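Student: Could you take me through one part of this model up close? I'd like to see how you read it, one step at a time.

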Amino acid sequence: MSYPYQIGSLSEYHEAYRKSIEDPEAFWAGVASNFHWRKKWDRVLSWNFKEPNVEWFAGGKLNITENCLDRHLEKLGDKPAIIWEPNNPEERTRVVTYERLHKRVCQFAQVLRNNGVKKGDRVCIYMGMVPELAYAVLGCARIGAVHSVIFGGFSAQSIADRLEDAKAEFIVTCDGAYRGGKDIPLKSIIDDALIGNKLVKKVIVYTRTRIPVSMIKGRDVWWEDEMLKVTDTLPVEGFGEAEVMDAEDPLFILYTSGSTGKPKGVVHSSGGYMIWTNYTFVNAFQYKPGQVHFCTADIGWITGHSYILYGPLSAGATSIMFEGIPTWPDAGRFWDVIDKYKVNIFYTAPTAIRSLMSFGLDPLKGKDLSSLQVLGTVGEPINEEAWHWYDEHIGKKNCPVVDTWWQTETGGLMITNLAGITPAKPSWATLPMPGVQPVLVDDKGEEVTEKDADGFYKGNLCIKAPWPGIIRTTYGDHERCRTNYFATYDNLYFTGDGALKDDNGFFRITGRVDDVLNVSGHRIGTAEVENAINMHASVIESAVVGFPHDIKGQGIYAYVIVSGLRGDEAGTRQDIIQTVSRIIGPIAKPDKIQFVTGLPKTRSGKIMRRILRKIAEGETANLGDTSTLLDPAVVDELKNGKL
């Protein structure tokens with residue numbers, strides 16, 4: 001399979017970029033014509049950022065799974081689509097060819113239909129990283145059901161919130177999941193999440209760990225039993241038929257943390273998302289047919305959606321799906337997987353790289369890694385030290401390091417170097433993808449035209465015009481989509497990130513400028529964590545900020561006012577951490593909890609977070625003007641009690 005739209009040189013990049021900006025409709029029509037459409041679109045693009053309302057390929061009819069599966073069967077049917085590496089390296093690997101993947105997806109699509117799922121229904125998927133997760137996701141897409149995957153580390157309360165917001169009536173889960181040395185009881189967490197839920201009609205349970213589970217008559221069914229009810233031969237009339245979707249029909253909802261306590265259900269469409277994930281995958285990683293691509297993300301996050309499933313599969317690639325974690329059974333696990341499958345493209349998070357750096361070079365002894373051709377990083381800005389370690393010790397200075405910036409809301413890569421095509425610069429995401437028009441603005445929304453003292457343009461990162469993978473709405477609350485992304489600056493999509501730009505037009509992301517933390521590449525709202533901390537019986541009030549963390553990038557620092565410590569600070573800290581874990585999940589646990597008697601508030605009652613951030617970061621010498629505080633004396637207490 002060749003990709004006529006794959007960029008082959010720096011001059012081709014500049015030419016593609018120019019065309020994509022000057023005539024986006026002609027440019028993207030050219031790319032989209034390489035895919036399978038049941039009916040061609042009526043119009044390539046219509047948009048405004050006021051409402052907002054964005055439509056790509058409107059009137060076009062397709063099914064994304066036909067582009068990920070059916071169209072590859074003739075030439076790639078016997079080639080691996082997904083290689084599954086289990087948590088336990090002693091367990092048998094599973095290689096799923098395109099033919100088998102197609103068959104299993106069609107079968108599970110029929111299971112969903114048999115259980116009452118229809119086009120437009122929301123299906124919540126809460127599973128470990130097993131091939132059946134891919135079958136479930138693609139099975140939903142096959143019949144036009146809207147999938148909403150929830151990461152297996154979230155708590156029952158977090159799941160309940162998402163189920164309620166999506167008004168989901170169907171759940172697909174596992175009895176349990178393996179993750180490193182832990183067994184996670186997924187089905188029992190789902191049972192807890194369903195207490196009081198009146199909407200969910202069916203729960204389909206796949207057997208993975210064989211731990212005892214409660215199966216409720218009439219509601220819960222076993223995956224294996226349901227698959228036995230489906231015909232095993234293809235084709236049979238009506239079996240495996242893909243639902244015809246409009247390009248603008250929703251494909252999935254994926255929840256992401258906002259600056260308020262309630263997660264946002266980001267909605268992506270079928271047509272534009274497919275084109276964007278394929279185009280960015282093929283170009284950023286310079287994918288060549290036959291290469292083995294290993295993205296280490298969980299499918300519960302957008303990275304897994306876009307660069308384990310939809311991007312690679314629509315390109316006919318071989319994608320590795322890994323159930324485990326990078327440090328189990330030892331810190332050489334990633335390198336073992338790379339050697340075992342002769343991985344060519346390796347895409348992971350800076351948090352994982354920093355964590356593996358901390359083990360030194362011993363875990364690399366005896367590892368070959370010579371199959372690697374491209375390295376990538378995702379989820380957060382990578383620091384220079386980690387970039388150079390990755391380049392030198394993993395890539396042997398032979399592999400371009402593709403530093404990608406993007407978001408759940410963007411659907412796919414936005415600013416990145418293209419492997420071996422455009423220049424790399426350590427810790428800089430560099431140049432925008434074709435179709436992406438970034439701009440730096442000041443707090444008033446004026447474009448930044450003056451350099452700072454370091455010789456860079458510095459401002460809030462916005463995008464001027466839509467790209468095919470742009471968010472369409474936040475589920476059930478379009479006004480929230482408008483206010484979050486399009487209301488801050490007139491006629492711009494606001495990313496919520498700050499950035500620098502150099503004279504070459506390269507961008508460096510400096511981090512969130514709103515009240516959202518980036519912990520190990522996962523966005524967590526400060527309000528969400530504060531709400532969870534405040535649920536603890538002893539807590540009166542709390543304030544949460546980020547601070548630099550050697551491994552995670554950002555850690556969570558909580559200032560907490562409690563009633564009656566009774567001298568047991570350590571015990572109370574553990575109780576608060578346990579509370580946060582139960583309400584949100586372990587990923588949101590505070591790294592540091594400082595008990596305080598007051599918080600720095602203005603006379604109007606607003607918490608001055610910049611003071612809390614500076615203290616958490618250890619910058620206690622210059623806290624700026626504190627004269628507007630209701631009680632300036634509280635600042636000294638905070639400084640003296642810093643952990």
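Tutor: Let's start with Lys-397, which sits in the loop between α14 (384-394) and β20 (401-403). Keep in mind that this is a predicted model. Is Lys-397 buried or exposed? Its relative accessibility is 58%, so Lys-397 counts as exposed. Now look at its backbone: phi of Lys-397 is near 60°, a positive value in a residue other than glycine. That's worth a second glance, because most residues other than glycine have a negative phi.

Gln-286 makes a good partner for Lys-397 here. Phi of Gln-286 is near 50°, again positive in a residue that isn't glycine. Gln-286 belongs to the loop between α10 and β16 (292-295). Its relative accessibility is 9%, so Gln-286 counts as buried, whereas Lys-397 is exposed.

Since α10 came up, follow it back to where it meets another helix. Helix α10 covers residues 270-284, and its axis comes within 11 Å of the axis of α2 (residues 24-32). The two cross at roughly 80°, so α2 and α10 are roughly perpendicular to each other. Which residues of α2 and α10 meet? From α2 you have Phe-27, Trp-28, Val-31 and Ala-32, and from α10 you have Ile-275, Trp-276 and Tyr-279. Sort that contact by class and you get seven nonpolar residues, with no polar and no charged ones.

Try another helix pair, α6 (residues 131-143) and α11 (residues 302-314). Their axes come within 11 Å and cross at roughly 60°, so α6 and α11 are oblique to each other. The crossing of α6 past α11 is right-handed. On the α6 side the contact uses Ala-134, Val-137, Leu-138 and Ala-141, while α11 brings Leu-309, Tyr-310 and Leu-313. By class, this contact of α6 with α11 holds seven nonpolar residues, no polar and no charged.

Back to the backbone, this time for peptide bonds. Most peptide bonds are trans, so cis ones are handy to spot. One cis bond joins Glu-51 and Pro-52, with omega about -10°, and Pro-52 is in the loop between β1 (43-48) and β2 (53-58). Another cis bond runs from Trp-328 to Pro-329, with omega near 0°. Pro-329 is in the loop between β17 (318-322) and α12 (333-341).

Loops can hold buried residues too. Ser-371 lies in the loop between α13 (350-357) and β19 (374-377), and with a relative accessible area of 13% it is buried. Leaving out residues up to four places away in sequence, Ser-371 touches Ile-338, Lys-342, Val-343 and Asn-344.

For a strand, pick Val-560 in β29 (residues 553-562). Val-560 has a relative accessible area of 0%, so it is buried. Not counting residues up to four places away in sequence, its contacts include Ile-533, Val-539, Ile-576 and Phe-595. Val-560 and Ile-576 are 16 residues apart along the chain, and their C-alpha atoms are separated by 9.7 Å.

Last, the cysteines. How many disulfides does the structure hold? Zero. Cys-174, for one, is in no disulfide, and the nearest cysteine sulfur, in Cys-124, is 12 Å away. Cys-174 is buried, at 1% relative accessibility. Why is Cys-462 unbonded? Its sulfur is 14 Å from the closest cysteine sulfur, in Cys-481, which is too far for a bond. Cys-462 is buried as well, at 0% relative accessibility.

Note on methods
Residues numbered from 1 in each chain as written. Predicted model: local features only at pLDDT ≥ 70, side-chain atom pairs only at ≥ 80, totals over all residues. Heavy atoms only, no water. Axes fitted to C-alpha atoms, helices over the stretch in contact; angles between N-to-C directions. Helix = DSSP H or I, 4+ residues; strand = E, 2+ residues; numbered from the N terminus. Parallel < 35°, antiparallel > 145°, perpendicular 65-115°, else oblique. Left-handed = near helix turned anticlockwise from the far one by under 90°. Contact = heavy atoms within 4.5 Å. Nonpolar A, V, L, I, M, F, W, Y, C, P; charged D, E, K, R; others polar. Disulfide = S-S within 2.5 Å. Buried < 20%, exposed > 50% of the residue type's maximum accessible area, 1.4 Å probe, protein only.
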